[in-house]
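Visitor: Could you take me on a close look at one part of this structure, the pairing of charged side chains, and then follow the threads that lead on from there? I would be glad of a connected account.

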Amino acid sequence: MPVRTAAQYMESLKDDRSIYIEGERIKDVTKDNRFVGAAETMAELLQMQHEKDLKEVLTYNSPTSGESVGMSHIQPKSKEDIKARGDAMKVWMDATCGMLGRSPDYKNVMVSAWAAAAKSFERETFDGSANIKNYYEYVRENDLMMTHVLVNPQVDRSRPAHLQESEIVAQIVKETDAGIIVRGARMVATLCALANEIIVMPAAVTWQTNEEHKTTNYAFGFAIPTSTPGLKFICRPPVGHLSAASPMDGPLSLRYDESDGVAVFDDVLVPWERVFLFRDKEAEAVIRGKTGAGPHALHQSVVRATSKSEFMMALALAIAKSTKIDEHNHVQVMLAETINIAEFARTCRIGAEAEAHETQFGTFAPAMRHISLWQGMFWKLYNRQCEIINTLGAGGLVGVPSYAELAGEVKGDVEKYFQTANADSPKRIKLNRLAYDAALSSFAGRQRLYEQYYSGDPMRSMSLMYRMYPKDEHIDRVHNMLDDLEKRQNPEWPKQDSGAAFNKNWK
């Protein structure tokens, strides 16, 4: 099957998946208002792959079937391939204002990287190399949407799962001829209600410890359909204002709330052909380091951040212009700050792609140096963009009425009293509702938390960057400079009592 249409994707969600939210099971996510907005958005992204003007950017010819498949599945063989993939992701990210963290390309690039590094899955305990390659081709050729869970439930956060025993953490409870039986829970399954497949892999960050595993029950990796018997998802409440009188009251939250959930495995059978890692004490290291998938996943993220920061910049500029506060110097300074943030993200993307390098697997990967810089800083900068929008909008964000008021009994008053120097009331209300949704709402809060933690604890990521950075050469530079100055010092220097003679005392 080539790239799917919107209709094909929506139809694929009408299976027997177990989605629970606010105390009920949802039989059809395409008809439930808590999921349909994001489902339709995902469908629109897939449909874009068929548009004449975008098909060449968003797709490439499959090496096996020759049909059009998503560009995010490509296993890059050059710097040009890395950039082409980034350009394709940018089209989707611009279309969604960078607000969809788990758009299809996120998992696509990870699975393609794992498959390229299939040799890393040839382990003593289990050879999953053929399985990961077959799975990659399966999702690529069928244009499937994937979610994943990498993190254990927050029960005892003082110790990693392999150093404790818990009935809550997802674990192998039985082995059969057909496959392994898994019981327990994992988090956080973003997009779980709208995905066709779920990937379950070890945690992305290895704890710094020399203690031995108590059990290998937790050491595995696999993928199964989200409709697999015994698998259920318990989702958080929606962040959108679903009872809004107008869709313009939640222009982001009603379309881009991709939902998050906890995956519960109630003695789920995972067929052997879907297992990638099995009872492997180094399973975390395989995923985190040996496959080299991290830079690829974060490449998608830095492209998304570029679109997101550019959107937030544009929103800040529009808010300031609407009331002419952009004429004030201190406001211009804040607006310049939002521009700097957008350009920072763009520069990180450009650097990562320009310095892409060949891997041991014969593929190319973006440069982690630039991505690490983005990873350590962007979540703080994004918070700042939200703060600037809130500052510029001020009381206007709190007092903005529903867009539905323009068709209500007080239409005349609304048209008169909610206009600004550079915008009539309809334009001003739409703009302020958008700004509220982007920077102040529950949706905005979830976006800020997502940016901070979606790739793991930023403190650990920055600590890892510190440990891996080539520090000695920079430290040596300082000491070498001081030693050189000491050698060049004129022996008569201590006898000089005039500051005017400073330059004469150095050769």
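Guide: Happy to. Let us start in helix H11 (residues 368-393), where glutamate 387 and arginine 384 both lie, 3 residues apart, which is about one turn of the helix. Please keep in mind that this is a predicted model. The side chains of glutamate 387 and arginine 384 meet in a salt bridge, with 3.5 Å from N to O. Glutamate 387 counts as partly exposed because its relative accessibility is 36%, and arginine 384 is partly exposed too, at 25%.

That pair is one of several to visit: a search of the whole structure finds 31 salt bridges. As background, side chains of opposite charge can pair when their charged atoms come close.

A second example joins arginine 34 and aspartate 32, whose side chains meet at 2.9 Å, N to O. Here the setting is a buried one: arginine 34 has a relative accessible area of 11%, so it counts as buried, and aspartate 32, at 12%, is buried as well.

A third pair is aspartate 267 with arginine 183, their closest N and O atoms being 2.6 Å apart. This salt bridge links distant parts of the chain, since aspartate 267 sits in strand E11 and arginine 183 in strand E7, 84 residues apart. Both ends are partly exposed, with relative accessibility of 36% for aspartate 267 and 41% for arginine 183. There are also charged residues joined in a network of salt bridges: Arg236, Asp257, Glu258, Asp260 and Arg446.

Stay with aspartate 267 for a moment, as its backbone deserves a look. Within strand E11 (residues 261-271), aspartate 267 has a phi near 55°, a positive value in a residue other than glycine. For comparison, most residues other than glycine have a negative phi, and most peptide bonds are trans.

The two strands joined by that salt bridge belong to one sheet. It is an open sheet of 6 strands in the order E2-E1-E10-E11-E7-E6, with mixed pairing. Strand E2 (24-26) and strand E6 (171-175) form the edges; each has a single partner strand, so one side of each is left without a neighbour in the sheet. From one strand to the next, the twist averages 20°. At the E6 edge, E6 and E7 pair in the antiparallel sense over 4 bridges, and glutamate 175 stands opposite isoleucine 180 in E7.

Now follow the chain out of E7. The loop between strand E7 (179-186) and strand E8 (197-200) holds valine 188, and the peptide bond from methionine 187 to valine 188 is cis, with omega near -10°. Leucine 191 is found in the loop between E7 and E8 too. Its phi is positive, about 75°, although leucine 191 is not a glycine. Leucine 191 is buried, because its relative accessibility is 0%.

Cysteine 192 brings in another theme. Its sulfur is the closest cysteine sulfur to that of cysteine 235, yet at 3.7 Å the two are too far apart for a bond. Cysteine 235 is buried, with a relative accessible area of 8%. Cysteine 348 has its closest cysteine sulfur in cysteine 386, and at 18 Å this is too far for a bond. Over the whole structure, the search finds 0 disulfides.

Leucine 194 then takes us to the interior. The largest nonpolar core has 118 residues, and those with the most contacts inside it are Trp114, Leu194 and Phe265. Helix H9 (residues 294-322) gives the most to this core, with 11 residues. Leaving aside its neighbours within four places in sequence, leucine 194 touches several residues, including Tyr9, Leu13, Val29, Phe35 and Met145.

Finally, the chain reaches E8, which runs parallel to E5 and is joined to E5 by 4 bridges. One of the partnerships is histidine 148 with isoleucine 199 in E8. On strand E5 (residues 146-149), Met146 and His148 point one way while Thr147 and Val149 point the other way, and all are buried. This fits a common pattern: in a regular strand the side chains alternate between the two faces of the sheet.

Terms used. Residues numbered from 1 in each chain as written. Predicted model: local features only at pLDDT ≥ 70, side-chain atom pairs only at ≥ 80, totals over all residues. Heavy atoms only, no water. Buried < 20%, exposed > 50% of the residue type's maximum accessible area, 1.4 Å probe, protein only. Core = buried A, V, L, I, M, F, W, Y, C linked by side-chain atoms within 4.5 Å. Contact = heavy atoms within 4.5 Å. Pairing = 2+ DSSP bridges. Axes fitted to C-alpha atoms, helices over the stretch in contact; angles between N-to-C directions. Disulfide = S-S within 2.5 Å. Salt bridge = Lys/Arg side-chain N within 4 Å of Asp/Glu carboxyl O.
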